[in-house]
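Dear colleague,

I am handing over a structure that you have not worked with before, and the notes below set out what was found in it. Please read them with the sequence and the structure open beside you.

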There are 2 protein chains.
Amino acid sequence: MVTRPPPAATDARKRMVRTGSRSATAARPRSAIRQAVDLQAALRERIASQEIAPGSKLREQALAAEYKVPRAQVRETLIALEQRGLIERVPNRGAVVVRLDLTQVFETYDLREVLEGLCARLATQNTTPASWQDMVKLFDGPMAQYVRAHDYESFIAGYGRLRRRMIEAAANPVLTSMLDSIYEKTQAIIRRIIILPGRAEHGLAEHRAVIAAMRRGDAAAAERLRRANMRSAKAWLRRYQSFVL
Amino acid sequence: MVTRPPPAATDARKRMVRTGSRSATAARPRSAIRQAVDLQAALRERIASQEIAPGSKLREQALAAEYKVPRAQVRETLIALEQRGLIERVPNRGAVVVRLDLTQVFETYDLREVLEGLCARLATQNTTPASWQDMVKLFDGPMAQYVRAHDYESFIAGYGRLRRRMIEAAANPVLTSMLDSIYEKTQAIIRRIIILPGRAEHGLAEHRAVIAAMRRGDAAAAERLRRANMRSAKAWLRRYQSFVL
DNA sequence: GTAAACAGGATTGTTGACATTTTTGTTGAC
DNA sequence: GTCAACAAAAATGTCAACAATCCTGTTTAC
């Protein structure tokens with residue numbers, strides 16, 4: 001039924017694993033699995049951006065036709081997305097993009113608080129303080145401009161850069177996966193929070209404090225400040241909840 | 001391709017969702033999906049307990065024959081387990097139970113620290129202080145006995161009771177899912193840490209401190225103490241790493 | 001006029017056969 | 001005796017047809 005494990009040293013020459021980011025060089029396998037990975041990434045992107053709205057039904061045949069993949073692959077992708085918590089599948093009724101109610105959004109923010117905090121701490125520990133200098137400049141200059149000009153699109157883009165840099169620096173694959181999964185579900189709400197009265201200004205100040213902590217290599221402070229940032233975002237959401245949801 | 005979402009009020013009469021815990025009454029659908037859920041639970045259990053050792057290959061046909069389910073269902077289960085991080089699937093080579101190296105174990109402990117800490121905080125906030133009285137008694141009496149008697153099996157069982165109670169009280173589904181996923185991967189290592197010299201005694205004292213904080217309704221202290229507990233477990237692991245792995 | 005009953009259509013679930021890839025065991029040359 | 005090449009077996013990946021279920025619009029009874 002199951003085979004005993006091999007001598008345990010074999011992992012060294014590990015093959016490209018499915019979930020791993022495929023290297024640009026390994027373009028060989030035309031295998032449909034590659035397409036399945038792409039399909040999953042595409043759907044995650046479209047769901048996160050709300051191009052596919054919460055509550056929408058995902059039809060297997062339609063997706064198969066659109067992406068020109070067999071229905072079985074669509075099925076596998078939907079199973080994966082269900083495990084990620086992005087969709088719900090009900091027997092014989094198909095898959096639906098999850099719709100978060102207010103309670104679930106707050107629950108998610110509790111998780112984001114501790115996970116983003118850990119991410120800030122690890123990022124600080126794994127890098128040199130000097131490597132954050134470009135972020136100091138970005139948030140002192142352009143980002144402050146964006147806030148003053150109410151250019152929220154650019155502000156969000158800059159925030160995304162900081163966030164991705166921190167995740168990359170944290171270098172913890174499981175953490176990365178969890179943060180991505182959460183982010184995909186709440187990206188739409190995050191965008192709506194940023195435009196709340198005074199939120200962008202306040203958020204900018206908090207981000208600068210986090211960056212300053214990383215810039216001086218203070219991992220504990222970076223974690224604490226990042227957590228405070230998440231809590232304050234949650235407070236803004238609570239105050240304006242009737243406008244956001 | 002995707003349908004627009006319905007008027008959004010329809011969620012009230014939500015059907016039994018696949019991943020949700022099935023109620024005992026709803027025994028109607030003999031549907032194979034029920035079996036698939038059971039199969040996933042069974043495999044998770046067997047992998048966590050290391051009845052199926054890390055590095056083992058999981059063969060679709062063999063599992064299908066053993067559990068008397070079609071191969072397609074085994075396939076779906078394996079996809080779900082891959083998403084959970086319990087197995088790795090390599091194209092054309094099948095599924096293998098993940099083998100954690102030392103680095104990954106430490107990474108996992110960083111995650112456990114913040115997630116179990118959050119769990120302790122939420123559990124404290126969601127319950128009355130008095131509801132933890134039975135845990136106070138359990139850890140003052142029997143658990144102390146188990147440590148003195150080196151009855152590690154009972155000690156682990158008691159720890160599991162506390163842990164499950166806290167997760168249940170936290171009442172955050174996504175947190176629950178993340179903690180379960182981590183626990184399944186590291187259960188074997190947790191068991192090996194507890195028997196390290198002095199670990200059970202030290203752990204017992206830390207658990208009692210966490211429980212005392214919950215018993216007096218101090219959520220912040222509960223989180224801080226639970227995090228300290230995880231860090232100390234990690235320190236023990238670091239000190240004795242050559243014996244554990 | 002309302003509501004239950006009933007088809008028709010559409011969608012998901014299931015099954016088995018087939019193609020492709022990897023693995024294993026054997027043979028042969030050096 | 002070791003290693004390389006080759007062939008057979010086994011496992012995974014792929015696909016299309018069939019079955020079961022659910023939704024929708026219409027009809028019919030009261």
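A crossing of two helices is called left-handed if the near helix is turned anticlockwise from the far one by less than a right angle, and right-handed if it is turned clockwise. With that in mind, and remembering that this is a predicted model, you can begin in chain A, where helix 5 (residues 133–140) passes helix 9 in a left-handed crossing. The axes of helix 5 and helix 9 (residues 199–215) of chain A come within 9 Å and cross at roughly 160°; since angles over 145 degrees count as roughly antiparallel, the two helices of chain A are therefore roughly antiparallel to each other. On the side of helix 5, the residues that meet helix 9 include A:Met135, A:Val136 and A:Phe139, while those of helix 9 include A:Leu204, A:His207 and A:Ile211. By class, this contact has five nonpolar, two polar and three charged residues.

In chain B, the 13 residues of helix 3 (residues 71–83) should span 18 Å at 1.5 Å a residue, and the end C-alpha atoms are 19 Å apart, which agrees. Among the buried residues of helix 3 of chain B are B:Val74, B:Leu78 and B:Glu82, and the helix is followed by B:Gly85, whose phi is positive, near 80°.

Finally, B:Arg112, in helix 4 (residues 102–126) of chain B, has a relative accessible area of 2% and is therefore buried. Beyond its neighbours within four places in sequence, B:Arg112 is in contact with residues including B:Tyr159, B:Arg163 and B:Arg226.

Best regards

How values were computed: Residues are numbered from 1 along each chain as its sequence is written. Chains are lettered from A and ligands numbered from 1 in the order in which they are written. This is a predicted model: local features need pLDDT of at least 70, side-chain atom pairs count only at pLDDT 80 or more; totals for chains, interfaces and linings use all residues. Side-chain values use heavy atoms; hydrogens and water are left out. Helices (H or I, at least four residues) and strands (E, at least two) are DSSP runs, numbered from the N terminus. Buried means under 20% relative accessible area, exposed over 50%, partly exposed in between (1.4 Å probe, protein chains only). Contact means heavy atoms within 4.5 Å. Axes are lines fitted to C-alpha atoms, for helices over the stretch in contact, and angles run from 0 to 180 degrees between N-to-C directions. Angles under 35 degrees count as roughly parallel, over 145 as roughly antiparallel, 65 to 115 as roughly perpendicular and the rest as oblique. Ala, Val, Leu, Ile, Met, Phe, Trp, Tyr, Cys and Pro count as nonpolar, Asp, Glu, Lys and Arg as charged, and the others, Gly among them, as polar. The expected span of a helix is 1.5 Å times one less than its number of residues.
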